[in-house]
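Trainee: Could you take one part of this protein and walk me through it slowly? I would like a close look at the second largest pocket, and then some sense of the chain around it.

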Amino acid sequence: MSRSRLIANTVALVTAFVTFFPIYWMVLSALKPAGEIQSLQVRPWTLAPTFEHFQRVLGGENFGRYFLNSLGVALSVVVLSAVVAFLAAVAVTRFRFRFRTTVLIMFLVAQMVPVEALTIPLFFLVRDIGAVVPGVGLNTLGSLVLVHLAFSLPFAVWMMRGFVAAVPEALEEAAMIDGASRQVILWRILFPLVAPGLIATSVFSFITAWNDFIFARTFIISAKDNQTLPAALLVFFKPDENDWGGIMAASTLMTIPVLIFFVAVQRKLVAGLGGAVKD
């Protein structure tokens, strides 16, 4: 084995360890008895695993409802952002119109603004919108969908723009010669070819919406039934002593849907990227 290859493999192993170790420690802490978690003798293993923390979390009040709230918000953002991003990417790639470049620059600038800087302005914006459209006001799940959709679209449009541009226009022209309408070309020809890009943006949108804490804590003020899982974790943080077993168990349960979603789409993503379109 060459020296460069050995260095590359070593760096890859170290990177994988650094990435995986926090997940391992989270799951381990969720399985440790309370006495081992509080012990001053920290050990990277346990000889007496227990599911008491998981039972306490799953048996807690409204955990199932919080789970469904997070799932509903994340899936809604995934579907809406995929559709809107696809149509917007086609518009900015295939059509020439005034302020086209300005729109693209605005998408890029939107990615540069920190989320924390926009939280307070968005709070007042959602409050005012809720006075007109109650379904997306404060204390509603619609407000989370709306805000996450706004943050997901700039990245999704930029991603989809590259995928749409990679599809030869000759395919669309050939379909038009055969009598296909713009709608048929859009949904039956272009849409399947850019599906890998949609899947990639869907992973980003799902993870961002699923793990959100700032917006959920800011917009869901008094409606306890509309809380999401990240905000619901605060019940395990107590003034005198934090329930680290419950925190780690709830965090582990939160991680599972993300892993399931990624595993469900990664094969389609890899297969789609492997089948390049050639002109």
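**A close look at one pocket**

Mentor: Let us begin with the helix that gives most to this site: α7 supplies five residues, the largest share of the lining of the second largest pocket. Please keep in mind throughout that this is a predicted model. Helix α7 covers residues 141-166, and it is joined by α6 (115-132) and α10 (195-210), each of these three helices supplying at least two residues of the lining. In total the second largest pocket is lined by 15 residues, and those that lie nearest its centre are Ala110, Val115, Ala150, Phe151 and Phe215. If you sort the lining by class, you will find 11 nonpolar residues, three polar ones and one charged one. The space that these residues line has a volume of about 330 Å³.

Now step back to the chain that holds this pocket. The protein chain has 13 helices and zero strands, so that, when you read from the N terminus on, every element you meet is an α. Along its principal axes the C-alpha trace spans about 75 × 65 × 30 Å, and buried residues make up 37% of the 279 residues. Among contacts between residues at least 6 apart in sequence, 70% join residues at least 24 apart. The accessible surface comes to about 16500 Å², and 69% of that surface belongs to carbon and sulfur atoms.

It is also worth setting the model beside a database record. An unreviewed UniProt entry lists residues 7-27, 66-91, 103-125, 145-164, 185-207 and 244-265 under "transmembrane region". Two of these stretches can be followed in the model: residues 7-27 are 100% helix and 0% strand, with the end C-alpha atoms 30 Å apart, while residues 244-265 are likewise 100% helix and 0% strand, with the end C-alpha atoms 32 Å apart.

Finally, let us use a single residue to practise reading burial. Serine 70 has its place in helix α4, which covers residues 63-94. Is serine 70 buried or exposed? A residue counts as buried when its relative accessible area is under 20%, and serine 70 is therefore buried, because its relative accessible area is 2%. If you leave out residues up to four places away in sequence, serine 70 touches Trp210, Thr228, Leu229 and Pro230.

Note on methods
Residues are numbered from 1 along each chain as its sequence is written. This is a predicted model: local features need pLDDT of at least 70, side-chain atom pairs count only at pLDDT 80 or more; totals for chains, interfaces and linings use all residues. Side-chain values use heavy atoms; hydrogens and water are left out. On a 1 Å grid over the protein atoms alone, a cavity is a set of points where a 1.4 Å probe fits but cannot get out, and a pocket is an open set with protein on both sides within 12 Å along at least five of seven lines; lining residues have an atom within 4 Å of a point. Grid points are joined across faces, edges and corners, and a volume is the space filled by probe spheres set on the points. Helices (H or I, at least four residues) and strands (E, at least two) are DSSP runs, numbered from the N terminus. Ala, Val, Leu, Ile, Met, Phe, Trp, Tyr, Cys and Pro count as nonpolar, Asp, Glu, Lys and Arg as charged, and the others, Gly among them, as polar. Buried means under 20% relative accessible area, exposed over 50%, partly exposed in between (1.4 Å probe, protein chains only). Contact means heavy atoms within 4.5 Å. Accessible areas come from the Shrake-Rupley method with a 1.4 Å probe; for residues, only the protein chains shown count as cover. UniProt positions are given in the numbering used here, feature names are shortened, and annotations may be inferred rather than shown by experiment.
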